[in-house]
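Me: I'm new to this structure and would like a close look at a single part of it. Could you take me through one chain and show how its pieces sit together, then how that chain meets its partner?

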Amino acid sequence: MRRIRFALFIFAVMLLFTQLSPIQAQDSFDRHAMLENLVDNVILTGYESFIEEAVALETLILQFSENPTEDNLLLVQDAWRETSNAWEEVSMYGIGLRLMSLHNQVDKRPVNVDLINRLLDNAETVDETFVSNIGSTQKGLPAIEYYIFDSEGDNQAVIDNLTANPQLMDFVLALSQYLPTTGEDILRLWSPDGDNFTEEFINADGAGGDAQASINILVNEMFAAFEMILDDRLGDPAGITGEGEANPALVDAPYSQHSLARIEHNLIGLQRLFTGGDGAGFDDYLDFLGAEAEEQMLSSLINDRFDAALESLNTIDEPLQFAIVNQPDAVQLLYDDIRMVYIPIRVDMASQLSILVTFSDADGDG
Amino acid sequence: MQSPVHILPLVILRIAFGLLMLGSLLRFLWRGWVYDFFIAPEFHFTYMGFGWVQPLPPAGMYAVFAILMVATIGIIFGAFYRLSIITFFLLFSYVELIDKATYLNHYYFISVVSLILIFLPSNAYFSVDAKRNPDIRRTHIPLLAIFVLRLQLGIVYFFAGFAKLNPDWMFEGVPLAIWLRANTGFPLIGQLFDYHWMALLMSWAGAFYDLTIPFWLSWRRIRPFAYVTVIVFHVMTGMLFNIGIFPYVMIATTLIFFDVQDCQAFAKFFRFSYSPEEAPAIQPKSLSTRAGIVLILFFMYQIMMPLRHYLYPGNTNWTMEGYNFAWRVMLNEKTGYTTFTIQNPGTGQRWLVYGTEYLTAQQMRTMPHQPDMILQFAHYLDDIHPDDLIITVEAYVAHNGRASRLIIDPTVDLTTIERQLWSVDWILRYD
């Protein structure tokens, strides 16, 4: 009995030691710090960039509404492109119902033009309040895109349409005002001055395996973003997935012909999530775990493949909907490159971090 | 083996088993898994030779679960016991045979235990049946009846431990190292989980526990301490891993190792009196030769199944040949992703399928790293298309922290391959 008590005593001392010991910080990866870096320097910074672009877009649309020249329209169109690029870099952070709902206010595709027309018919004042009360498929980037771009590239038609119909111009203006407002709402959810989702998020640092843990959530968002690209955004339009028939009309942004750039910026955002920007990210975590791929560290394999995919993307010099028809080989190459970024993330990284794929729950003991 | 022992352990097991099964069925229903696993899927990965096992329409599946729950009540109370336990065994096994994607070692264990219980007189004491029909009441049964269950449990533990005797587990401490560091929030000792030595220590301890616990449990003096370790081991694994009721099934069925003398000592410790009945003067009749042969065959099967993977070349942990029904529990970290390339030689069309288009989340968790399931799915893709197709697959699998590798020859047209029982050459083996 004395020996048992002694053994328990030693065990208790060991436990106490592990609680107090400072050396454990070096022998374990600081997930908490990684999450902090990802939130502050990747996620929140990304949203701030989006808001900046959205504010610029709003300003230029106001300018256009007062002076509807083609030059001003071109400025608006450029600003829309910049705004959607900035959005693509953070679109994967719709975590949880509230953020998901706000994300849908920014970019829910496709836009429902019939419904917009019916709502406008019945509307008295069309302002930001009006926009806040309508559904997600009637607002945001896709709605703005529909009215400021013409699928044939006929800018005069756009100007004519908007000047002939002042209510429509008001609507577009209101849409552009609502965009940065939504951005601010998103930031407020995260901010310590607002709902402080940041604190809850950073503290759920229990690594993978737990569906609630933030690492598991972020990696699952990566998976979802990649699968969107490989299925809906690139695969189906190019006829690589789906029925095997190319259908260029399915691209994200057919009016602005900006689909490829949007995918590019989504990949850039995903790469930044992976690297953590200049700070700690998943690449550092994998390095700490000593995760290797064939002949190199897994982190550098994934990073190299991100770079290769972005390079492939840049060789396609026309809008995606045309490249599908004119340069199918280049599109196929791009597709394969993106797939080759996804596989080590979906397989190797998921395995190393014990990621639970969160589409449904079930037990496992196999 | 024929000496009479008090029936109490068997009755305890019957009641515990029944309660646990009832709870498990309720949990299954509450989590919506009847729908997720048996109603939602458009395709089921049936077992070889069991292709005829198909789910019933939704109402039928829920009826099956309702009947199962009624059966567990019959088991708990020992009411219409024989009917209840046979019904339970048949329906439970039916449900499990519908789809490989739902295979769990503990479901197989439940089928095996319920099969054994059909042939044991678990309702002869402390049961509704015995109350209504005093003729069947017995206070003593041959030791063999209880030994059979202990042997079964011992086999499960032993082979689970034996499977752990592999280089990954014992020398690298994987997959435990990978899983532990995803659980650093574990109370008290979680922070130790980032250390590799902890993973090795726990791997060795786990193997030692599995291999030796049946022996510790058989030794009366050690038994109480052994049972404490049983509880600690299973509660811990239950907290660390996503294994549902498995820990509780094991904790409950391990009670069979306690005999009536232990129960007396237990009662005495808590200061209430329990005087079990004495053995009757009449000896129970001995086991017939036929029953003896059946028993021997049964246990030969139980021993051969976990060993059958040696008939296949390569590492069963990678190839999955001979892997299931072998008590290989929580032994591997495997993640996979499949890209099927489909070609229609008639039209020249070519497209990719990942599996998510046709399969449920649970099926996507299991198919991508199991060659047999990948083959079945390829056949399904061919079957649902009016034309004959050529289907190849690029199947990357990461195993126990290694870099991902292809598990299937990407040049093989899977539609030309038939499922077979013996080893196949289209699985890529690396050792």
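Reply: Here's a walk through chain B, followed by its meeting with chain A and a look at chain A itself.

Before anything else, keep in mind that this is a predicted model.

Let's begin with the overall layout of chain B. The chain splits into domain 1, covering 4–311, and domain 2, covering 333–416. Going by C-alpha centres, domain 1 of chain B and domain 2 of chain B are 35 Å apart. The two do touch: 15 residues of domain 1 of chain B are in contact with 13 residues of domain 2 of chain B. On the domain 1 side of that contact, the elements giving two or more residues are α2 (33–39) and α9 (176–180) of chain B. Sort the residues on that side by class and you get 10 nonpolar, one polar and four charged.

Now zoom in on a pair of helices in chain B. Helix α7 spans residues 143–163 of chain B and helix α10 spans residues 196–218 of chain B; they pack at an angle of about 155°, with 7 Å between their axes. An angle over 145° counts as roughly antiparallel, so that's what we call α7(B) and α10(B). As for handedness, α7(B) and α10(B) make a left-handed crossing.

Which residues do the meeting? From α7(B) come L153(B), G154(B), Y157(B), F158(B), A160(B), G161(B) and F162(B), and on the α10(B) side they meet A207(B), D210(B), L211(B), I213(B) and P214(B). By class, the residues of this contact between α7(B) and α10(B) are nine nonpolar, two polar and one charged.

Next, pick out a single residue, V249(B). You'll find V249(B) in helix α12 of chain B, which runs over residues 246–253. V249(B) has 22 other C-beta atoms within 10 Å, and 20 or more is the cut-off for buried, so V249(B) counts as buried. Setting aside neighbours within four places in sequence, the contacts of V249(B) are L20(B), H106(B), F109(B) and I110(B). For a sense of distance, V249(B) and P4(B) are 245 residues apart along the chain, and their C-alpha atoms are separated by 27 Å.

There are a couple of backbone details worth a look in chain B too. The peptide bond from V174(B) to P175(B) is cis, and its omega is near 5°. P175(B) is in the loop between α8 (167–172) and α9 of chain B. The other detail is at F80(B), a residue other than glycine with a positive phi, near 50°. F80(B) belongs to the loop between α3 (58–77) and α4 (81–97) of chain B. F80(B) counts as partly exposed, with 18 C-beta neighbours inside 10 Å.

So much for chain B alone; on to the partner. Where the chains meet, 39 residues of chain A are in contact with 43 residues of chain B. On the chain A side, the elements giving two or more residues are α1 (2–20), α2 (24–27), β1 (292–293) and α18 (328–352) of chain A. Of these, α18(A) gives the most, with nine residues. The chain A side divides into 12 nonpolar, 17 polar and 10 charged residues.

What does chain A look like by itself? Chain A has 18 helices and two strands, and its C-alpha atoms fill a box of roughly 95 × 50 × 35 Å along the principal axes. Of the 366 residues in chain A, 45% are buried.

Chain A is also divided in two, with domain 1 at 31–200 and domain 2 at 206–352. Their C-alpha centres, for domain 1 of chain A and domain 2 of chain A, are separated by 24 Å. The contact takes 25 residues from domain 1 of chain A and 29 residues from domain 2 of chain A. On the domain 1 side, α3 (31–66), α4 (70–88) and α8 (140–148) of chain A each give two or more residues, and the largest share, nine residues, comes from α3(A).

Finally, chain A has backbone details of its own. R109(A) and P110(A) are joined by a cis peptide bond with omega of about -5°, and P110(A) is in the loop between α5 (96–106) and α6 (113–121) of chain A. In the segment after α18 of chain A sits S354(A), a residue other than glycine whose phi is positive, near 55°. S354(A) counts as buried, with 23 C-beta neighbours inside 10 Å.

Definitions and conventions:
Residues numbered from 1 in each chain as written. Chains lettered and ligands numbered in written order. Predicted model: local features only at pLDDT ≥ 70, side-chain atom pairs only at ≥ 80, totals over all residues. Axes fitted to C-alpha atoms, helices over the stretch in contact; angles between N-to-C directions. Helix = DSSP H or I, 4+ residues; strand = E, 2+ residues; numbered from the N terminus. Parallel < 35°, antiparallel > 145°, perpendicular 65-115°, else oblique. Left-handed = near helix turned anticlockwise from the far one by under 90°. Contact = placed C-beta atoms within 7 Å. Nonpolar A, V, L, I, M, F, W, Y, C, P; charged D, E, K, R; others polar. Buried ≥ 20, exposed ≤ 12 C-beta atoms within 10 Å, placed from the backbone. Domains from an automatic or database assignment.
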